[in-house]
Amino acid sequence: MKNKVKEERQEAVEVVCPKCRETRIVYFPKESMPTCPVCKVEMIVKEVLTEGKYG
């Protein structure tokens, strides 16, 4: 019996700072939620980026 390694799909996510509106694009679950370089506050998810993915 073969052991199958579950391959996690990475999703591009746009995150934004709730204070200064600085935006970044990160890949989940590979990366963790970033902190804003300006405000030093944890950023929040703005949008899951899916356009352009076919397959």
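Two strands pair if DSSP finds at least two bridges between them. Strands themselves are DSSP runs (E, at least two residues), as are helices (H or I, at least four), and both are numbered from the N terminus. In the structure above, A12 stands opposite Y27 in β2.

This is a predicted model, in which local features need pLDDT of at least 70 and side-chain atom pairs count only at pLDDT 80 or more, while totals for chains, interfaces and linings use all residues. Residues are numbered from 1 along each chain as its sequence is written, and side-chain values use heavy atoms, with hydrogens and water left out.

**Overall architecture**

The chain holds three strands and zero helices, in the pattern β-β-β when read along the sequence. These strands form an open sheet with the order β2-β1-β3 and antiparallel pairing. Because β2 and β3 stand at the edges, each with a single partner strand, one side of each is left without a neighbour in the sheet. Neighbouring strands are turned by 35° against each other on average, direction ignored; the angles are taken between axes fitted as lines to C-alpha atoms.

Strand β1 (residues 11–16) pairs with β2 in the antiparallel sense over six bridges. Five bridges join β1 to β3, and these two strands also run antiparallel. Across the β1 and β3 pairing, V13 stands opposite V48 in β3.

Of the 55 residues in the chain, 18% are buried, where buried means under 20% relative accessible area, exposed over 50%, and partly exposed in between (1.4 Å probe, protein chains only). The chain exposes about 4,900 Å², and carbon and sulfur atoms supply 50% of this area; accessible areas come from the Shrake-Rupley method with a 1.4 Å probe. Among contacts with a separation of 6 or more, 35% are accounted for by residues 24 or more positions apart, a contact meaning heavy atoms within 4.5 Å.

**A buried glutamate in β1**

E14 lies in strand β1. E14 is buried yet has no salt bridge, and the nearest side chain of opposite charge, K46, is 4.2 Å away. A salt bridge is a side-chain nitrogen of Lys or Arg within 4 Å of a carboxyl oxygen of Asp or Glu. Leaving aside neighbours within four places in sequence, the contacts of E14 include T23, R24, I25, I44, V45 and K46.

**The end of β2 and the cis peptide bond**

F28 is placed in strand β2 (residues 23–28) and counts as partly exposed because its relative accessibility is 22%. Not counting residues up to four places away in sequence, F28 touches R9, Q10, E11, V13, M33 and V45. The C-alpha atoms of F28 and Q10 are separated by 5.4 Å, although the two residues are 18 apart along the chain. The peptide bond from F28 to P29 is cis, with omega near 0°, and P29 is found in the loop between β2 and β3 (44–49).

**Positive phi in the loops**

Two residues other than glycine with positive phi are listed below.

| Residue | Location | Phi | Relative accessibility |
|---|---|---|---|
| R21 | loop between β1 and β2 | near 70° | 52%, exposed |
| K40 | loop between β2 and β3 | about 65° | 63%, exposed |

R21 belongs to the hairpin of β1 and β2, which has six residues between the strands.

Key. Lys and Arg count as positive and Asp and Glu as negative; His and the chain ends are not counted. Axes are lines fitted to C-alpha atoms, for helices over the stretch in contact, and angles run from 0 to 180 degrees between N-to-C directions.
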